[in-house]
Amino acid sequence: MRRTFLAAIAAAVIPVAASAQMKVNVSIDSDITDGQIIPKEIYGQFAEHLGACIYGGLWVGPESDIPNIDGYRTDVLEALKTLKVPVMRWPGGCFADEYHWRDGIGPREDRPRMVNSNWGGTVEDNSFGTHEFLNLCEMLGCEPYISGNVGSGTVEELAKWVEYMTAPDGPMAKLRAQNGRKEPWKVKYLGVGNESWGCGGNMVPEYYSHLYRRYQTYCRNFGDNRLYKVASGASDYDYNWTEVLMKNIGSQMDGVSLHYYTVKGWDGSKGSATEFTDEEYYNTLGKAVEIESVIKRHIAIMDSYDPDNNIDLLLDEWGTWFDVEPGTNPGHLFQQNTMRDAMVAALSFNIFHKYTSRLKMANIAQIANVLQSMVLTDGAKMVLTPTYHVFRMYNVHQDATYLPLTCSSRNFTDSNGRECPVVDATASRNAEGVVNVTLTNTDLENGAEITISIAAVGKPEITAEILTSGNISDYNGFDNPENVKPAAFNDFKAKDGKITVKMPAKSIISLSIR
């Protein structure tokens, strides 16, 4: 009864067709000189041994007929280089706490097989292991983020893995050299367990926090490598988990993780990735932007124990989670990716940028063929998703100075009572002085006239592009791979210190202002 009542109210407040465009003023504080830097790691990725994320997505093996470089798909590799991937988390996820690293080293033909009981009962042949992952990170120029096995692994096992990857000499270094790698890798980020409240061991926070202290003690720095240790943090609204970890672990961790997924229903129901009503679209956005209040509450707890911001918050799993595509393995989490997903990504980044004094990393789930992925593959075919295009349009903000702004847009209210801006914006200035502004119009029917006020505009040189589609449910299929893609955008003008943008409905626009 309550849901029906809320839905009836929402019909009056969810955006509907109007006769005139909404006028929105965006005022940017571009004079700021010592503002917060947006860490490039906010644009991080997550690759788990799940479905076709690794096998078929990133890795096909050197013997494959699919074009590859030492086993890595050439098309996917080039696509990820364009994204400027800053950090990649591996091997999970839930898989991490059943993964034993020694199974993934040595000659591939000799590596033992296992059943991936978390994800569809698939047989894992371990042909993609430590060397394959860390070499991929070197090829992409990104930081590896290792998720260590605490749920079913031993302290010694994790300690020896760290030594194997990073020690310049000693028995593990000798074993590494025997397997083809003489020089140690640089490994900064180490997760001590994953989702320890759930698939990582079903622990209570008090138990996990004491277990963390023990495990991290034996994860040592070797040579000039310095570990950044991440505690397995809370899911969504579990603020007590964060409180206990801050109280019991404190300075023994460099960061604490947080997981948040945009799932459709209060009861955990998900719905189709491609077939949804307007109400479901707005509800998805409402759930996505609710992450702001969640981040703020976790940060408030961290502030009370760590007022000097010595411990970081890492949102190392986030994104949309819908039903799998019909006919696919339910345990492989393969879902299509529409313009709706692009909207979720853009709105999320706009929020993340505001909290980077504490929020230092975010890793979308996942990089290929799983949940809200960057690329989808089918044999030799590959498509770039709408979410990929948002990551590429937004990567101009990596390591740039965050520019605070105000936006006069009204909000809409979804049928669950959550508010979301109709028009949203974020801005930054890079090292060359270029101001980048990204705008999002979530309204399905109405365009908007955006007036951007920015100091010292003068007669700027402006380049812009737009991501939009005829329908919010449009996606890139293997037979229509460029159905949704960015295009040059020119419907703007600059005059008297202001930039006026005529923004279409359901669109994302990026402007670079020199």
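The sulfur of Cys 420 lies 11 Å from the closest cysteine sulfur, that of Cys 407, which is too far for a bond. Cys 420 is also buried, at 0% relative accessibility. These values come from a predicted model.

Cys 142 was examined in the same way. Its closest cysteine sulfur belongs to Cys 137, and the separation is 3.8 Å. A disulfide requires two cysteine sulfur atoms within 2.5 Å. The sulfur of Cys 142 is therefore too far from that of Cys 137 for a bond. Cys 142 counts as buried, with a relative accessibility of 9%.

The predicted structure does contain one disulfide. Such a link is a covalent bond between the sulfur atoms of two cysteines. Here the partners are Cys 94 and Cys 199, with sulfur atoms 2.1 Å apart. The bridge joins distant parts of the chain, and its two cysteines are 105 residues apart. Cys 94 sits in the loop between strand 5 (87-90) and strand 6 (114-116). Cys 199 occupies the loop between strand 9 (189-192) and helix 6 (205-217). The link of Cys 94 and Cys 199 is left-handed, with -90° about the S-S bond.

The two bonded residues were also assessed for accessibility. Cys 94 has a relative accessible area of 12% and is therefore buried. Cys 199 has a relative accessible area of 32% and is therefore partly exposed.

Technical notes. Residues numbered from 1 in each chain as written. Predicted model: local features only at pLDDT ≥ 70, side-chain atom pairs only at ≥ 80, totals over all residues. Heavy atoms only, no water. Helix = DSSP H or I, 4+ residues; strand = E, 2+ residues; numbered from the N terminus. Buried < 20%, exposed > 50% of the residue type's maximum accessible area, 1.4 Å probe, protein only.
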